[in-house]
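Here is a walk through one protein model, written for someone who is just starting to read structures. Have the picture open while you read, and look up each residue as we get to it.

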Amino acid sequence: MIIRRYGAGIMLAFMILFLLSGMFLLAFAGGTFDMQAVILGCVFAVFIIIQYNVLRKIFKHLERFTLLIADFLCIISIVILYRINPETASKQFIWILIGNVCMIVAMLVIKKARDFGKINYVFMALAVGMLGITFIFATATNGAKNWIDIGTFRFQPSEFVKILFLIVSAYFLASRTRKRDMWPYFLFTIACVGCLVLSRDLGAALLFSGTFLIVFYAATGSVGITLGATAAFAGGAFLSYKMFAHVRTRVEVWQDPWATYDGKGYQIVQGLLAIASGGLLGSGLGLGMPDVIPAKTTDYIFASIAEEFGIIVAISIIALYLVFIIRGILIAMDARTKFDKLLVFGATVMLSLQSFIIIGGVIKLIPLTGITMPFVSYGGSSMLACMMQLGIIEGVALKNGEYEEAELAEMGGGVE
């Protein structure tokens, strides 16, 4: 426990140092002193310190390192976004604040909830309905029809459906022991993925189907159904390639981006050049050229980070995601109920898959799909969804701590 506290404290101090040094450096980068950078950096630093200390005081069994990793990724987001566009960074800060409220609400709900019972059917109808309205009201962006505009407010329904999908998945896989009793869940999954494919949001479709396959196999161990579902999703991917021109374009650009450098291959080439030009140590904060990348604050923010901070920092960010994944799996293993195990495992799988898909696309490991980098890319819907998934993980961690404390008390022991 003492090592854990000191380790968390050292990590928090390093995070604050990184944030303040980055924002102060940006304050002097433009030739004239930018007080806004200093103010935003100081306010965010104070918020992180207060958030961490208040939560660890209120919630005795808070999973500190998981929270700090998410906070560190948010800090990296603010620093690089401010370097690219100060207004975007300010908006991201507001979304982080709102996201923390969503995280705490999710923690409290999961901490008290069991499996939501028949309410899951309401969640299923709500999820499919939210995805279905994109056919009527959504606007197309980069070939995908997945954004809904309400006045000045813009959001992606699929981001919030993620939470409902995780809860429904955990409920059915935990409470239904016979495969034939899972048909409502199978139909629900097909409906979700189908709506995403028809709205051409193939990145989200890949994320949902991948999460389903991994969580279903972990819960049931059914090789036959898992392979069958994999074949079905692969067939759907092939049909999407045949049906949608923008999918074929992305595959062609992935195979040879230089052939269409002056057109559709421009972004991926610029992203690769940015990573290469940064080298191991980076060009330096404020000294790179991330503006030449069209989606520099969203899909390609990893390339912007790699250019200015270097490949070493980029690899360190991947390592942070890996540690986050390990912590999530450990929390799932410690959970006392199957529902809690699968809920945490599902949230961890979804966040890890999302990280792999977007980073893999940026470095040309796989074809690029339009999803965000968790906790880092600019976007309100994405930030809120990621924070709620973090709240799910933390909520189960609180349960685990309470169960462990009760067990020790029954054995006549205690906890420090």
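## Cysteines without bridges

C192 is buried, because its relative accessible area is 0%. This is a predicted model, by the way. Could C192 pair up with another cysteine? The closest cysteine sulfur belongs to C195 and sits 6.9 Å away, which is too far for a bond. A disulfide needs two cysteine sulfur atoms within 2.5 Å.

Now zoom out: searching the whole structure turns up zero disulfides. C74 is another cysteine that is in no disulfide, and its nearest cysteine sulfur, in C386, is 8.5 Å off. C74 has a relative accessibility of 1%, so it counts as buried too.

## The overall build

How many helices and strands does the protein have? The count is 16 helices and three strands. Its radius of gyration is 22 Å, close to the 22 Å that the globule rule gives for 416 residues, so the protein is as compact as a globular protein of that length. If you want to picture a box around it, the C-alpha atoms fill one of roughly 65 × 60 × 40 Å along the principal axes.

Of the 416 residues, 52% are buried. Here's another way to look at the fold: take the contacts with a separation of 6 or more, and 71% of them come from residues 24 or more positions apart.

## The outside and its charges

The accessible surface adds up to about 18200 Å², and carbon and sulfur atoms own 70% of that. As for charges, the protein has 31 positive and 25 negative ones. Average the positions of each group, and the two mean positions end up 7 Å apart.

## Three buried spots on helices

Start with F44, which you'll find in helix α2, spanning residues 35-58. F44 has a relative accessible area of 0%, so it is buried. Who are its contacts, once we skip neighbours within four places in sequence? They are L19, C74, I75, I78, F93 and I96. Notice C74 in that list: it's the buried cysteine from before. V168, by contrast, is 124 residues from F44 in sequence and 35 Å from it in space, going from C-alpha to C-alpha.

Next up is T189, in helix α8, which covers residues 183-198. Its relative accessible area is 2%, so T189 is buried as well. Beyond its neighbours up to four places away in sequence, T189 touches F165, F212 and F233.

Then there's L390 in helix α16, where a relative accessible area of 0% means that L390 is buried. Leaving out residues up to four places away in sequence, L390 touches T66, L67, A70, M103, F324 and F375. L390 also makes a nice example of sequence distance versus space: I104 is 286 residues away along the chain, yet the two C-alpha atoms are 9.3 Å apart.

## A loop with two positive phi angles

The loop between α15 and α16 deserves a stop. Helix α15 runs over 338-362 and α16 over 380-410, and K364 lies in the loop between them. K364 isn't a glycine, but it has a positive phi of about 70 degrees. Is K364 buried, exposed or partly exposed? Its relative accessible area is 26%, so K364 is partly exposed.

F375 is in the loop between α15 and α16 too. It also has a positive phi of about 70 degrees, although it is not a glycine. F375 has a relative accessible area of 2%, which means it is buried. You've met F375 already, as one of the residues that L390 touches.

## One more loop residue

Finally, look for T297. Where does T297 sit? It is in the loop between α12 (266-278) and α13 (301-309). The relative accessibility of T297 is 16%, and it counts as buried because the cut-off is under 20%.

So a residue in a loop can be buried, as T297 shows. Setting aside residues up to four places away in sequence, T297 touches L81, I84, S377 and Y378.

Notes: Residues numbered from 1 in each chain as written. Predicted model: local features only at pLDDT ≥ 70, side-chain atom pairs only at ≥ 80, totals over all residues. Heavy atoms only, no water. Helix = DSSP H or I, 4+ residues; strand = E, 2+ residues; numbered from the N terminus. Buried < 20%, exposed > 50% of the residue type's maximum accessible area, 1.4 Å probe, protein only. Contact = heavy atoms within 4.5 Å. Rg over C-alpha atoms; globule rule 2.2 N^0.38 Å. Areas by Shrake-Rupley, 256 points an atom, 1.4 Å probe, with all protein chains shown as cover. Lys, Arg positive; Asp, Glu negative; His and termini not counted. Charge placed at Lys NZ, Arg CZ, Asp CG, Glu CD.
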